[in-house]
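Reader: I am new to this structure and would like a close look at one part of it, set out slowly and in connected prose. Please begin with how that part is divided, and then follow it outward to whatever it touches.

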Amino acid sequence: MGERVHVRTNINGDAADFLCEPRQSLLEALRDILGLTGTKEGCNDGNCGACTVIMDGRILDSCCVLAVEAEGKTITTIEGIAPLDGLHPIQQAFLEEAALQCGICTPGFIVAAKALLDREPDADEARIRHWLAGNLCRCTGYDKIVRAVLKAGEMMKQGPAIGQRAGVLGGKAGGTEAGKSVEDVYMA
Amino acid sequence: MQDFEYVAPTTLAEAIRLMNGNGLRTKALAGGTDVLVQMRGRRFAIDRLVDVKNIPELNELSCTESDGLTVGAAVPCCNIYEDVIIQRLYPGLVDAASLIGGIQIQSRATIGGNLCNSAPSGDTIPALMVQDATCEIAGPNGRRTVPVVLFCTGPGQNVLQRGEILVALRLAAPKANYGSHFLRFIPRNEMDIAVVNVGASVLLDHAKRRIVSAKIALGSVAPTPVLARKAMDFLAGKEATEATIEEAAEAAKSAARPIDDMRGTIKHRVHLVGVLTKRALQGAILRARGEE
């Protein structure tokens with residue numbers, strides 16, 4: 001085992017410090033060290049986008065970033081998308097449009113779509129398809145996902161009440177719930 | 001992934017010392033979208049990974065009409081193609097930077113890394129070659145400048161010596177009546193490795209009718225990206241007509257020495273060189289005329 005490194009980040013609004021080996025990816029740190037298992041491992045080589053997170057305002061594949069590279073960075077994972085009292089409009093639209101089947105790609109799509117709609121609330125179908133080209137889905141054929149993102153864009157424009165969170169963020173970083181190991185979380 | 005030592009120096013001198021590394025196997029890390037995937041796939045073994053993203057010189061991105069473009073080797077593609085001045089002055093480079101991978105990859109992947117990875121299919125390399133880009137390299141023996149055209153020496157191989165780091169790429173200020181374009185053929189719309197890619201640039205005369213000089217670079221059709229010199233020589237001094245472009249596209253095919261592989265056959269690739277060269281020249285001429 002390599003010498004472990006102390007990394008300080010902010011994840012989903014909370015300070016999150018952790019120890020990791022240099023060879024561990026950000027994806028591994030999120031899932032195996034911090035217990036944030038919403039971010040999924042798909043291809044583990046930057047093709048599928050299942051592990052998409054937002055780091056300092058940019059979406060990236062967390063499998064292609066070392067955890068040590070996250071030092072000083074601000075990260076949003078799928079656990080940080082929903083407000084405390086419900087769903088983000090993108091999540092709501094995914095349900096309403098049945099934009100998922102097996103669900104493994106869904107967190108990556110939702111995080112990527114959020115980054116797009118936050119920047120470009122009026123993104124059209126072509127722009128959405130282009131933006132999401134780095135996210136692969138083998139179930140839906142994409143049409144339902146694109147419809148959901150279009151719908152979420154409309155929902156986000158209509159009501160700042162839905163979708164705009166007020167400071168406090170959901171998904172806790174910095175470890176799993178008290179008394180639970182990472183394995184418990186996996187089994188749950 | 002194997003164990004290694006991770007270092008993130010904040011000065012170029014320190015980075016060179018760490019890269020030189022007293023016999024350690026070292027590698028520079030910029031965006032990591034090639035290096036980390038290759039390490040995971042056991043393409044090579046290293047003892048020390050030198051993250052170059054905290055070195056100021058490697059983060060420089062400056063573009064002016066008078067001084068041209070400097071792109072630090074650690075600048076991600078998204079910062080290049082979102083820059084409105086670069087969009088206007090170097091559209092051929094923007095073409096290439098905006099079609100590498102998806103948005104997630106473009107947040108990390110760098111033009112410097114694309115060049116240092118030295119893949120025959122590297123998308124930014126032909127785009128840099130046709131714009132006479134030069135590489136600023138720093139190492140234990142000081143600094144040197146190498147034209148991008150001479151940088152790659154084979155698949156995954158380049159002129160960098162032990163301890164050397166690519167600092168930045170420099171492109172001269174664009175002349176009047178100059179245009180560049182880049183195209184790639186892949187079987188999908190996005191997210192694939194080039195079957196063939198082609199960069200083209202043209203300098204037109206004052207009337208914007210005659211080609212003063214042209215450059216064409218081909219990727220994925222030889223061990224390194226190559227210039228189509230016969231076609232370039234043919235175009236110099238010719239009227240920019242459809243017939244001229246057709247003939248140049250045909251001549252460009254002779255520079256291609258492709259292989260058959262899972263992405264395409266020799267025959268398909270040579271055919272694509274003709275098609276893409278024609279379209280890239282047409283695009284470059286339109287831009288030189290200010291019509292696009």
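Author: In this predicted model, the centres of domain 1 and domain 3 of chain B, taken over C-alpha atoms, are separated by 35 Å. These two belong to a domain assignment that divides chain B into domain 1 (5-51), domain 2 (56-171) and domain 3 (179-288). As for the confidence behind this picture, chain B has a mean pLDDT of 97, with 100% of its residues at 70 or more, while the model scores ipTM 0.95 and pTM 0.92.

Within chain B, five strands make up an open sheet, which is antiparallel in its pairing and follows the order β4-β5-β10-β6-β7. Its edges are formed by β4 (61-64) and β7 (142-147) of chain B, each of which pairs on one side only, and from one strand to the next the twist averages 20 degrees. Inside this sheet, strand β6 (residues 134-139) of chain B is joined to strand β10 (residues 165-171) of chain B in the antiparallel sense, through five bridges, and I137(B) has L166(B) of β10(B) standing opposite. Packed on the sheet is helix α1 (residues 12-20) of chain B, which touches β6 and β10 of chain B and runs in a direction that makes about 130 degrees with that of β10(B).

From chain B we can now turn to its partner, since 23 residues of chain B are in contact with 22 residues of chain A. On the side of chain A that touches chain B, β4 (58-61) and α4 (125-131) of chain A each supply at least two residues, and the largest share, four residues, comes from β4(A). By class, the residues on that side of chain A are 10 nonpolar, seven polar and five charged.

The strand β4(A) leads on to another open sheet, in which five strands of chain A are arranged in the order β2-β1-β5-β3-β4 with mixed pairing. In chain A, the edge strands are β2 (14-20) and β4, each pairing on one side only, and neighbouring strands of this sheet are turned against each other by 40 degrees on average, with direction ignored. Part of the pairing is parallel, as two bridges in that sense link strand β1 (residues 5-11) of chain A with strand β5 (residues 74-76) of chain A, and N10(A) has T74(A) as its bridge partner in β5(A). Helix α3 (residues 106-119) of chain A packs on this sheet, touching β3 and β4 of chain A, with a direction at about 35 degrees to that of β3(A).

Chain A is also divided, its domain assignment giving domain 1 (5-80) and domain 2 (89-158), whose centres, taken over C-alpha atoms, lie 21 Å apart. Between these domains of chain A, 14 residues of domain 1 are in contact with 11 residues of domain 2. Strand β3 (residues 52-55) of chain A gives the most to the domain 1 side, with three residues, and that side of domain 1 of chain A holds seven nonpolar, six polar and one charged residues.

A note of caution belongs with chain A, for which the mean pLDDT is 88 and 84% of the residues reach 70 or more. Over residues 162-188 of chain A the pLDDT is below 50, although this stretch has 44 contacts in the model beyond near neighbours in sequence.

Conventions:
Residues are numbered from 1 along each chain as its sequence is written. Chains are lettered from A and ligands numbered from 1 in the order in which they are written. This is a predicted model: local features need pLDDT of at least 70, side-chain atom pairs count only at pLDDT 80 or more; totals for chains, interfaces and linings use all residues. Two strands pair if DSSP finds at least two bridges between them. Axes are lines fitted to C-alpha atoms, for helices over the stretch in contact, and angles run from 0 to 180 degrees between N-to-C directions. Two residues are in contact if their C-beta atoms, placed from the backbone, lie within 7 Å. Domain bounds come from an automatic or database domain assignment. Ala, Val, Leu, Ile, Met, Phe, Trp, Tyr, Cys and Pro count as nonpolar, Asp, Glu, Lys and Arg as charged, and the others, Gly among them, as polar. pLDDT is the predictor's confidence in each residue, from 0 to 100.
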